[in-house]
Amino acid sequence: MKTIFSPLHAGHAGQMELISGGLVPGFEKPSRAEYIRARVEAEKLGPILPPAEHDIAAARRVHAADYIDFLPTVWPEWEKAGRSGSAFGFTWPTRGLRADVRPKTIDALLGYYSFDAGASFVAGTWTAIKSSFDVALTAAGLVKDGERAAFALCRPPGHHAGAAFMGGYCFINNAAVAAQFFRDRGAAKVSILDVDYHHGNGTQEIFYARADVQVLNLHGDPMTEYPFFLGHADEKGSGDGEGFNVNYPMPFGTAWDGWSASLEDACARLEAYRPDVVVVSLGVDTFEKDPISQFKLKSEDYPKIGRRIAKLGLPTLFVMEGGYAVEEIGINAVGVLTGFEQ
Ligand code: Q9C
Ligand code: ZN
C-alpha cells in the first residue's frame with residue numbers, strides 16, 4: 001500500500017509536557033515518524049508520497065470554526081506576549097466555571113481550547129498540524145479513488161482532539177476529518193476502529209450523536225488511565241447516535257489474549273454495521289515496552305491485528321496515532337500494515 005508522509009512534521013519539536021510532577025521533553029517527538037518512515041522503506045511496503053495541500057475547510061466539517069481559526073494564531077500570539085519555550089495553558093474551565101465565555105488573552109484561550117497541558121506549541125507546530133491534516137486527506141483520497149488501503153503517516157496524531165479542544169499531543173482529529181471526507185464524497189456509513197492504547201476521547205465526542213459514523217474504541221480503562229474522563233463501557237452514543245459508539249476499556253497488564261477478544265467483538269460489531277469504509281486510528285502504544293502505557297502486546301501481535309482488519313474485506317485507511325517506544329514503533333506500526341497485506 002502507499003504511504004503518505006510529510007517532512008514538515010519535524011518542525012513540531014522540542015515541546016515540553018507536564019507529567020508525573022515535572023515538565024519534561026515531549027514523548028511525542030519527530031523521531032517517531034522517522035522510525036516509521038524508515039521501516040516502511042525497509043519492509044518495502046510501497047511508495048512513500050508527499051501530501052497534496054487541502055483546504056482547511058475540511059477540518060471545519062468536524063471541528064468548531066473558532067477552534068480551527070485559533071490554532072494558527074497560537075505561536076504568533078505567544079511570541080507577541082514575549083514568551084518562548086512551549087505554549088500551553090494552565091487554567092481550565094471545569095465543572096462550576098464558565099466555559100461559555102470566550103476569553104481574550106493567549107493564556108486563557110489555551111486553557112479554553114484544551115483539556116490538558118499535553119498539546120503544546122512551538123514555532124513549527126501549526127505547519128506540522130496542517131501537514132498532518134494534508135497527509136490524512138491525501139491518503140483518504142487514494143482510498144476514495146479505489147485503493148484497497150492507504151497509510152496516512154500522520155504526526156502530530158489526532159484522536160484526542162475534539163470538536164473544540166486539543167490535548168494528548170493532538171490538535172486536529174485527522175481520523176475524524178478523513179471519516180467526514182468519506183461521508184462527504186459518497187460513503188453512506190463509515191466505521192472508525194481506534195486501537196491506540198488511550199481512549200480516543202476526541203473522536204468519540206465528535207461523532208457521539210451520529211449514526212452515520214460508528215466509533216469503536218479499544219483502550220486502557222479510564223478509571224485508572226489517561227485521558228480519564230471519557231471511555232467507559234456505558235458510553236453508547238446519544239440521540240440518533242445511540243448504539244453507534246462502543247468502548248472496550250481494559251485493565252493494566254492486558255496482553256494479546258484479552259486484547260484480541262475485544263478486537264474480535266469490535267470487528268463483529270463493525271461487520272454488523274456494514275460500513276462502506278474503515279478508518280483505523282493506528283496507535284501502537286499498546287506495546288509491552290511503551291514508556292507511558294500499561295498493556296503487554298508483543299511485536300509478533302501487530303501483524304495479527306492487520307490480518308484481522310484485512311478479513312473485514314473493506315476499503316481501509318490507516319491513520320497514525322500514538323506509540324512511544326521509538327525503537328520498536330516502526331516495527332509495530334508497519335507490522336500491522338504488512339499483516340494486512342498478507
Ligand atoms: N502517565 C496519544 O497516544 N500523557 N496520546 C499521559 C501517562 C498523555 C497520548 C501520561 C498521553 C497522550 C495520541
Ligand atoms: Zn495513545
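**Figure 1. Serine 20 and lysine 44, two exposed residues with positive phi.** Serine 20 counts as exposed because 6 other C-beta atoms lie within 10 Å; a residue is exposed if 12 or fewer other C-beta atoms lie within 10 Å of its own, buried if 20 or more do, and partly exposed in between, with C-beta atoms placed from the backbone. The model is predicted: local features need pLDDT of at least 70, side-chain atom pairs count only at pLDDT 80 or more, and totals for chains, interfaces and linings use all residues. Residues are numbered from 1 along each chain as its sequence is written, and chains are lettered from A and ligands numbered from 1 in the order in which they are written. Serine 20 sits in the loop between β2 (16-19) and β3 (22-25); helices (H or I, at least four residues) and strands (E, at least two) are DSSP runs, numbered from the N terminus. Its phi is near 50 degrees, a positive value in a residue other than glycine. Lysine 44, in the loop between α1 and β4 (48-49), likewise has a positive phi near 50 degrees. Lysine 44 is exposed because it has 8 C-beta neighbours inside 10 Å.

**Figure 2. Helix α11 and its covering elements.** Helix α11 comprises 16 residues (residues 326-341) and should span 22 Å at 1.5 Å a residue, which agrees with the 23 Å between its end C-alpha atoms. The expected span is 1.5 Å times one less than the number of residues. The helix has a kink of about 25 degrees, centred on glycine 335; the bend at a residue is the angle between axes fitted to the seven residues ending there and the seven starting there. Buried residues of α11 are Glu328, Ile329, Gly330, Asn332, Ala333, Val334, Gly335, Val336, Leu337 and Phe340. An α-helix has 3.6 residues a turn, so residues three or four places apart point the same way. Among the elements that cover the buried residues of α11 are α1 (30-42), β5 (149-152), β9 (277-282), α10 (302-310) and β10 (316-320).

**Figure 3. Surroundings of ligand 1, with proline 157.** Around ligand 1 there are 16 residues, of which Pro157, Gly168, Tyr226, Ile292 and Gly322 come nearest; a residue is near a molecule or strand if its C-beta atom, placed from the backbone, lies within 6 Å of it. The shell holds six nonpolar, seven polar and three charged residues, where Ala, Val, Leu, Ile, Met, Phe, Trp, Tyr, Cys and Pro count as nonpolar, Asp, Glu, Lys and Arg as charged, and the others, Gly among them, as polar. Proline 157 belongs to the loop between β5 and α7. With 31 other C-beta atoms within 10 Å, proline 157 is buried. Outside the residues up to four places away in sequence, proline 157 touches Tyr169, Cys170, Met320, Glu321 and Gly322; two residues are in contact if their C-beta atoms, placed from the backbone, lie within 7 Å. Proline 157 and lysine 80 are 77 residues apart along the chain, and their C-alpha atoms are separated by 27 Å.

**Figure 4. Two cis peptide bonds, and phenylalanine 228.** The bond from arginine 155 to proline 156 is cis, with omega near 0 degrees, and proline 156 lies in the loop between β5 and α7 (174-184). A cis peptide bond also joins tyrosine 226 and proline 227, where omega is about 5 degrees. Proline 227 is placed in the loop between β7 and β8. Phenylalanine 228 is found in the loop between β7 (213-220) and β8 (245-250), and is partly exposed because 16 other C-beta atoms lie within 10 Å. From C-alpha to C-alpha, phenylalanine 228 is 8.5 Å from histidine 199, with their positions 29 residues apart in sequence.

**Figure 5. Two buried residues, glycine 89 and phenylalanine 181.** Glycine 89 is in the loop between α4 (74-80) and α5 (106-112) and is buried, with 21 other C-beta atoms within 10 Å. Not counting residues up to four places away in sequence, glycine 89 touches Asp107, Leu110, Gly111, Ser114 and Ala117. Glycine 89 and serine 114 are 25 residues apart in sequence and 7.7 Å apart in space, C-alpha to C-alpha. Phenylalanine 181, in helix α7, counts as buried with 24 C-beta neighbours inside 10 Å. Leaving aside neighbours within four places in sequence, phenylalanine 181 is in contact with Ala58, Leu137 and Ala140.
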